[in-house]
Amino acid sequence: MTNTVAFGASMALIDYDFDHVAEAIEQGFTGRKAALGDLNVKAAKHGYEYVKNNFKDGFAYKLHPITLDTKRMIIRGVQAVGIAKFRAGCAFQTYYPITPATDESEYLEHHEKDFNMVVVQAEDEISAVLMATGAAHIGVRASTSTSGPGFCLMAEGMGWASHTEAPGPVIVLWQRAGPSTGLPTRTEQGDLQFVLRSGHGDVPRMVIAPGDVQECFYDTFDSFNYAERFQMPVVLLADKFLASSYRTMPIFMSRDLKIDRGQIATESSLGAEGLFKRYAFTPTGVSPRSTPGTRGGIFHTTGDEHDEFGHITENSENRIKMMQKRMNKLNLASELIPDAKKTNFFGPQKADLTIVGWGSTKGAILDGMQDLEADGIRCNFLQVRYMSPFPVEAVTKYVSNATKTVLVENNYSGQLGDLIREKTGIAMDYRVLKYNGRPFSQNEIFEGIKEAIKNGTKEVVMAHA
Amino acid sequence: MLELKNYRTQVHNDWCPGCGDFGILSAVQMALFELKLEPHNVAIFSGIGCSGKTPHFVNTYGFHTLHGRSLPIATGAKLANTDLTVVAVGGDGDGFGIGAGHFVGTGRRNVDFTYVVFDNGVYGLTKGQASPTLPKGLKTKSMSFPSIVEGINPLATAISAGYTFVARSYALDVRHLKEILKAAILHKGSALVDVLQTCPTYNDINTKEWYSGSDLPSKAPRLYKIEDTGFDGTVKNPSDATEVNQKKSQAITRSFEWGDKIPIGIFYRNTEPTFEDMIANRMPSYKQVPLVKQDLYNRDVTPLFEELS
């Protein structure tokens, strides 16, 4: 009970409304312990009143309610992704239990009957990604969610989904600290290079990395459109920190979002019993798809190289054309999606330094920038959101205009820095990294970047726990 | 008017001459034809191996998937469109080796589809290595030494895993196989049809002659129909746990009968709620309209936001 007295005393110091204090305490004592709630509220009240009577105006910080202009919600990344899946018309979600991804599937399970979504717990992640791929081929929007160890098992299935040009699935990868079991309940941005290359051979896939809870919502929604338009798997690359951090924000705009199901060959557009070229060569690389159950739309598909009908062939000319057809869909996506979606740029055009980062470090970087500004360091921030197709032109422009570049990443090797160098030939000047499984704090952004540029330290490793 | 030829494609077939797969392919096409299932309402899924090419020879929607992975993909497909007739095919290496986990997981779910295993005891496409059903101690043509691991019993495994229709047939008895396949397709729930299949190229033990019993003193065929001995594998009262256990036990016992006499036919059959039924229990609309035909693209998610505010 000492802690409750101290809690009451602390709340008095910051002049917080005691009614809220009492409510919070009562919520902590339910069921058999309910009777203890009253007792604790009284204890807190003693602490509260003692401070009020004896320490008038003794503390500089006050916590008062602020009036809100818009309705707000408290939301986590897993909920934002889940709600976006409902909004996008996703009918089928699969998963195998894994931290920290399971929360998303449980959220969907909790609401599935209100939206006619089927959520299936599979026997492993191999099955999870393939059930979702099977459902996508049949014509529903399908997805799965996992973390690094599970995504390792999905590499094979993702290759098949991509090779057979399935209109999905959307794979949400909630990264945690690896390798292997790693730090299973902690955060990291260590899977970027893996998701770009998982699977043998050249496997076209889209990879999108939201930076906050709001981007989780809109990027998830877009992912389903892309999966069907470009007929390839889409990986939404989030992490533990985004998954489970609560954010207070206004309700997202969701009514005006546009569903785009891509090119579908319907019964009326097909001959009665003719053969359907599911993999017809087209100028864009995208072939109209039929869905099983459609008369006249019968197609075959295979993970072997195949002809326009989906039958196996090792013909040399066909192989070259098919590779180009599939890979070209990434170029198409790159052309059709505006640069403004692929990157975010914050701060003045000209600055002393350009911070480069991606994903969940966004919030800490935006906060840390204010501290740097206050310290006389003028900076801007390039947030890369699309990893595949990679926004080569936009990133080249921002990075080559920079006075100095500082890479900030929640991993050991600076994986985005390597990707930028691979795609643009430009290396980052400084790197501020953190790989102890904890997210960056605002302070660390300030301290790390200052250390890099003031002392010329090429690589700064942050370690706040 | 549908004809048998409507279930065939013009794709070149490169199976070895005399392969048991031809018998299974014919039986699948005949079963679909005799059940009057329209080709566009059927989807066939396969894994990797000689049997993996089967969908390319059948004029229905066809998915040639990954090694051991036909069942998860078929499961996703069936759950997305419950109006489809779904058949999965694959070899014993595909199903009971690399795909063993999915084989067990699938039985537990009891999704309404049929799984046909081309069971020949060898990995034919990779030139004859021992596959999961090859009994311990046997050495087929291209093996360097006899197998030192136990062969799996597909029927006993299937019954333990929860398949609600478990049968065995023979690739070279197309008439019997066709009838078993029809019963399996009509069955509501997951059906395993284990098809003893000759591989004339690599399995020089379980040959056509061996199955015909020509090496036995009696010269009597090894295969006999299990129902001819008065065996009845069908559960009459699914809610009677004692009967269910008794039917499972007798089926498992008979499935181990191997050597001079090998039973074929339906070993176990029970009517239990399918996975689709279980989903519909908590979401009635699922049974009324298949997911793929539902309009899910104008969902109002505001209540979900409201719930968080």
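Two strands are taken to pair if DSSP finds at least two bridges between them. With that criterion in hand, this report on a predicted model turns to one strand of chain B and then to one sheet of chain A.

**Strand 8 of chain B and its neighbours**

In chain B, residue B:Phe118 stands opposite B:Val195, which belongs to strand 8 of chain B. The pairing behind this contact is that of strand 4 of chain B (residues 114–119) with strand 8 of chain B, made in the parallel sense over six bridges. Strand 7 of chain B (residues 165–170) also runs parallel to strand 8 of chain B and is joined to it by six bridges, and here B:Phe165 is the residue that stands opposite B:Ala191. In general, the strands of a sheet pair through backbone hydrogen bonds, in either a parallel or an antiparallel arrangement.

How are the residues of strand 8 of chain B placed, buried or exposed? Strand 8 of chain B, spanning residues 191–196, is mostly covered, with six of its six residues buried. B:Ala191, B:Val193 and B:Val195 point one way from the strand, whereas B:Leu192, B:Asp194 and B:Leu196 point the other way, and all of them are buried. The connection from strand 7 of chain B passes through helix 7 of chain B (residues 174–186), and together with strand 8 of chain B these elements make a right-handed β-α-β unit.

**Domains and a mixed sheet in chain A**

Chain A is divided into domain 1 (2–54), domain 2 (74–250) and domain 3 (341–461). The centres of domain 1 of chain A and domain 3 of chain A, taken over C-alpha atoms, are separated by 44 Å.

Chain A also holds an open sheet of six strands with mixed pairing, in the order 10-12-11-14-15-16. Strand 10 (343–346) and strand 16 (459–461) of chain A stand at its edges, each with a single partner strand, and therefore one side of each is left without a neighbour in the sheet. Neighbouring strands of this sheet are turned against each other by 20° on average, direction ignored.

At one of these edges, strand 10 of chain A pairs with strand 12 of chain A (residues 379–384) in the antiparallel sense over four bridges, and A:Asn344 stands opposite A:Gln383 in strand 12 of chain A. Two helices are set against strands of chain A as follows.

| Helix of chain A | Strands of chain A touched or crossed | Angle |
|---|---|---|
| Helix 15 (residues 415–424) | lies across strand 12, strand 14 (405–409) and strand 15 (430–433) | about 130° to strand 14 |
| Helix 16 (residues 442–455) | touches strand 11 (353–357), strand 14, strand 15 and strand 16 | about 150° with strand 15 |

Definitions and conventions: Residues numbered from 1 in each chain as written. Chains lettered and ligands numbered in written order. Predicted model: local features only at pLDDT ≥ 70, side-chain atom pairs only at ≥ 80, totals over all residues. Buried ≥ 20, exposed ≤ 12 C-beta atoms within 10 Å, placed from the backbone. Right-handed = clockwise from strand over helix to strand, strands pointing away. Domains from an automatic or database assignment. Axes fitted to C-alpha atoms, helices over the stretch in contact; angles between N-to-C directions. Contact = placed C-beta atoms within 7 Å.
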